[in-house]
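Q: Hi! I'm new to reading structures, could you walk me through this one?
A: Happy to, let's have a look together.

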Amino acid sequence: MAEKIYDTVIIGSGPAGYTAALYASRANLDTLVFQGFESGGQLMLTSDVENYPGYRDGVVGPDMMDDFEAQAARFGAEMRPDNVERVDFLTRPFRLWAEDEEEPVLAKSVIIATGAKARWLGLEGEQRLMGRGVSGCATCDGFFFKDKKVAVVGGGDTAMEEALVLSKYAGEVVLIHRRDQFRASKIMLARARNNPKITFITDTVVEDVLGETSVEGVRTKNLKTGDVEDLAVDGFFAAIGHEPATSLFKGLVDMDAEGYVIQREHTMTSVPGVFAAGDVSDKRYRQAVTAAGDGCRAAIDAERWLDEQGEADHAEDPGVWVAEKDQEPAGSWTEDREASAPTL
Ligand code: NDP
C-alpha cells in the first residue's frame, strides 16, 4: 500500500490550530492535527472567557477548547495527542516525526499553530493560583477585577499595556518592576505614569503570590533595602514577556529576532507550503478570536496553494517549484488564485 500523505498537517491545538483543522477538513482536505501533550493551548489555563463571540454567557476556557476540537473532528480532522519532535521542510512531501516514533508522518502542506506562552516568574503561588487571580492577560481577565486592587509585574510595553487595560476595571493597579529603568517605550511609560489609578514600585521583586484558594496578596522584596513586605492585592498579572513556541522550526522558516514566525505572503512562511497561524506569529493581538481568524486564513491559503500545486506539472519537485516561484514578484501566488477561490 502506498504511504499515506496528508493534504495538511496542523501542529498545535489552540484556537488557531483547531480552526485551521475545521476549515481544512470541511474543505475535504485530508487533515491531521498534532495536538501536543498539553492540548488546547493557553486557554486551558484560563477560567471564564467572556470575549469570544458567540458564547453569550461566557464559557470556561477548557470547555471552549473541547467545543473547538469536537467541531473540527466532526468534519473528519484526525487528532493525535502527540508532540512533534522533529520536522523536515527541505523536501516534499514534508516529514514530521512524533515523539518516540521512527516513521515520519508525510504532509503536502503544514500549518504551524504552536502558539506562544506568557513568561512566568516561576513562583509556587503563581502556579497554584493560576486562573484564580493569577493571569497573563489583562484583556481576557481584567473584567473580573472591577474596583479591586491588582499587581502587575514587568517594566516593558506589555506591563504598561496590561496596567492601562486593568486601570479601566480595577480600583488600583500597582506596577512592580525589578529596576528603576524601564524597557517600555516613553509614550507607554508616560501614559501609565499619568494614570491616577496606577502606582509604581521599583527596585522590587515579587517573591511569592499569597492566598489559599484565590489571590490575597504578593510578597515583595526591595532589592536596594532588602525589605520584605506583604502587599494585599486581589489579582496578580505577570507581564514579563511572551515566548513563541518555535524552537522546533529554528533555521527552517524565517523568524524575527524574538523567534516569532514571519508570515511572508498572507499566512505562508518563507517555505512554500508551510503556513503559520495564531500567536506563533502574532505578538500584537494575542486573542483567541484573532488566533482563530488566523487559523481560518491559513487553512484557506493552504487549500489554494495545494490547488495550485495540483495544476503544476512539476509540483512534485520542490527545488524547481521554489526556484521558479522565487522569480515571481511577491504576492503573486494568491492573487493569481483569487479568481478560483474555493467556496467554504
Ligand atoms: P520586554 O522584554 O520588553 O520586557 C520584559 C520586562 O519584564 C522587562 O522590564 C524585564 O525587566 C521584565 N522581566 C523579565 N524577566 C523578569 C523576571 N524574571 N522578573 C522580573 N521582571 C522580569 O517584553 P514585553 O512583552 O514588554 O515586550 C515585548 C515586545 O513587544 C517589545 O518590543 C514591545 O515594545 C512590544 N510590545 C508593544 C506593545 C505596544 O506597542 N502596544 C505592547 C506590548 C509589547 P528588565 O527590564 O529588568 O530586564
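Q: How do strand 11 and strand 12 pair?
A: This is a predicted model. In it, strand 11 (residues 149-153) runs parallel to strand 12 (residues 172-176), and 5 bridges join the pair.

Q: And which residue of strand 12 is opposite valine 153?
A: That's isoleucine 176.

Q: What's the strand order in the open sheet?
A: The order is 10-17-11-12-13, so to speak from one side to the other, with 5 strands in parallel pairing.

Q: Which strands stand at the edges?
A: Strand 10 (134-135) and strand 13 (198-201) do. Each has a single partner strand, so one side of each has no neighbour in the sheet.

Q: OK, helices now. At what angle do helix 5 and helix 6 cross?
A: Roughly 35°, and the axes of helix 5 (residues 157-167) and helix 6 (residues 186-193) come within 9 Å. The crossing is left-handed.

Q: Which residues make that contact?
A: Helix 5 brings Asp157, Met160, Glu161, Ala163 and Leu164, while helix 6 brings Met188, Leu189, Arg191 and Ala192. By class, 6 are nonpolar, 3 are charged and none is polar.

Q: Switching again: in the largest nonpolar core, which residues touch the most other members?
A: Val9, Ala20, Ile111 and Ile112, out of 56 residues in that core. Helix 7 (residues 288-311) gives the most to this core, with 8 residues.

Q: What does isoleucine 111 contact, beyond its neighbours within four places in sequence?
A: Thr8, Ile10, Ala20, Phe275, Ala277, Ala298, Ala299 and Ala302. Another core, of 31 residues, lies apart from the largest one and includes Ala170, Leu175, Val209 and Ala238.

Note on methods
Residues are numbered from 1 along each chain as its sequence is written. This is a predicted model: local features need pLDDT of at least 70, side-chain atom pairs count only at pLDDT 80 or more; totals for chains, interfaces and linings use all residues. Axes are lines fitted to C-alpha atoms, for helices over the stretch in contact, and angles run from 0 to 180 degrees between N-to-C directions. Helices (H or I, at least four residues) and strands (E, at least two) are DSSP runs, numbered from the N terminus. A crossing is left-handed if the near helix is turned anticlockwise from the far one by less than a right angle, and right-handed if clockwise. Two residues are in contact if their C-beta atoms, placed from the backbone, lie within 7 Å. Ala, Val, Leu, Ile, Met, Phe, Trp, Tyr, Cys and Pro count as nonpolar, Asp, Glu, Lys and Arg as charged, and the others, Gly among them, as polar. A nonpolar core is a set of buried Ala, Val, Leu, Ile, Met, Phe, Trp, Tyr and Cys residues joined through C-beta atoms within 7 Å. A residue is buried if 20 or more other C-beta atoms lie within 10 Å of its own, exposed if 12 or fewer, and partly exposed in between; C-beta atoms are placed from the backbone. Two strands pair if DSSP finds at least two bridges between them.
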